[in-house]
Every structure is written in structure tokens, then in C-alpha cells.
Amino acid sequence: MTSDVSSAAPTAGGDTPAAAEPRWLDAAEQHAWRAWLYSWMLLDDRLDRELTRQTGISHAYYEILVQLSETEGRQLRMSELAERCLSSRSRLSHAVSRLEERGWVRRQVCAEDGRGQLAVLTDEGFAALEGAAPVHVASVRTHLFDQLSPAQVAAMQDIGETLLRHLNDQ
């Protein structure tokens, strides 16, 4: 929807007051928003389909394996892993159960407090990740970076870092 942008200023918390008129997107903003949103959705779908078809690993499972592979001891508390994967705890628990069935992840009790559970990447899981990584990077290169100029890549990084600073503060 497009209309005049209201003069309502965001509150200190960053939210627009509920009673204020929405600050509608103008035509250029609406076009930019939809181009970015739809391109991201299509890219995410393409990466997932190619990775799953060629390796049997979904993009979501791949991200879990990556997160575990990049930590000391290749292990994380389940709650922290859920945060890093932007997943609910129940969805992550289900995914880890599927990865356990494949022998790629195992759970163990956290030695620090005896209450928390850790997800631990097994050697088999690391080998599966190593096998899938070339497929993933080729897909990312083909469908993203090969389509952009160096200036566009720099702009993408700048935009991404700006949004991360904003969104990670909330």
C-alpha cells in the first residue's frame, strides 16, 4: 500500500505509536521492499532445493551443522543453537532428533550445570557437512555473487551490517 508518509516519529523503543497513522511506503520503497523480499525468498528456496537434491541435507539442517562446526569442541547448548539458527527450541529439538537418527549429531548433558543439553557434531556429521559445503558454496556463488557487481556486493554487505546492528540491538 502506498500513500503519504505520516509525520509520526518512532518512539524511543523504535516502534511507531499504535494510534499514529502508518508511515506508508512510497512507490520506490514498495518496489525496493518487494524486490528484496521476493528475491530473498526465491534464493532461499533455490539454495534449499539444490542442497537437498544433491546432498539430502536441507538448508535448515545444513545451518545447524555449520553452527556446530564453527564452535569449540563442535558443541553448543541447545538454547544457544536455537538462537543462532533463528529457530524455536521445539523446532530445533525436532531437527536435532532427525540429525541424531542420521548419526550426525548427538545430545549430551551439559557438564557445567548438569541441566542443560548440548548438541554435539559427530565425526560423521562433520564429514556430511564437508561433502555438502562445495554444493552449497557453488549454489550461493551461482545464484547470488555471480549475479552482482563488486559494487553491489559491497552495498549488500553495508546494508546487511546496518540491518544487523539495528536488529541485534532489539
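These are my notebook entries on confidence, the largest pocket and the cysteines of this structure.

**Confidence**

I started with the pLDDT, since this is a predicted model. The chain averages 90, and 88% of the residues score at least 70. I then went through the elements: α5 has the highest mean at 98, and α3 the lowest at 94. Residues 1–9 are another matter, with a pLDDT below 50. In the model that stretch still has 20 contacts beyond near neighbours in sequence, and I'm noting those with the low score beside them.

**Largest pocket**

Next I looked up the pockets. The largest has a volume of about 1,800 Å³. Its lining counts 41 residues, and Trp36, Trp40, Leu43, Asp44 and Leu144 are the closest to the centre.

Which helix gives the most to the lining? I found α6 on top, with 12 residues. The α6 helix runs over 150–168, and the others that supply at least two lining residues each are α1 (27–55), α2 (59–69), α3 (78–84), α4 (89–101) and α5 (123–143).

I also sorted the lining by residue type. It came out as 23 nonpolar, nine polar and nine charged.

**Cysteines**

Last, I searched the whole structure for disulfides and got zero. I checked how two of the cysteines sit: buried or exposed? Cys110 is buried, at a relative accessible area of 4%. Cys85 has 18%, and the cut-off for buried is under 20%, so Cys85 counts as buried as well.

Methods:
Residues are numbered from 1 along each chain as its sequence is written. This is a predicted model: local features need pLDDT of at least 70, side-chain atom pairs count only at pLDDT 80 or more; totals for chains, interfaces and linings use all residues. Side-chain values use heavy atoms; hydrogens and water are left out. On a 1 Å grid over the protein atoms alone, a cavity is a set of points where a 1.4 Å probe fits but cannot get out, and a pocket is an open set with protein on both sides within 12 Å along at least five of seven lines; lining residues have an atom within 4 Å of a point. Grid points are joined across faces, edges and corners, and a volume is the space filled by probe spheres set on the points. Helices (H or I, at least four residues) and strands (E, at least two) are DSSP runs, numbered from the N terminus. Ala, Val, Leu, Ile, Met, Phe, Trp, Tyr, Cys and Pro count as nonpolar, Asp, Glu, Lys and Arg as charged, and the others, Gly among them, as polar. A disulfide is a pair of cysteine sulfur atoms within 2.5 Å. Buried means under 20% relative accessible area, exposed over 50%, partly exposed in between (1.4 Å probe, protein chains only). pLDDT is the predictor's confidence in each residue, from 0 to 100. Contact means heavy atoms within 4.5 Å.
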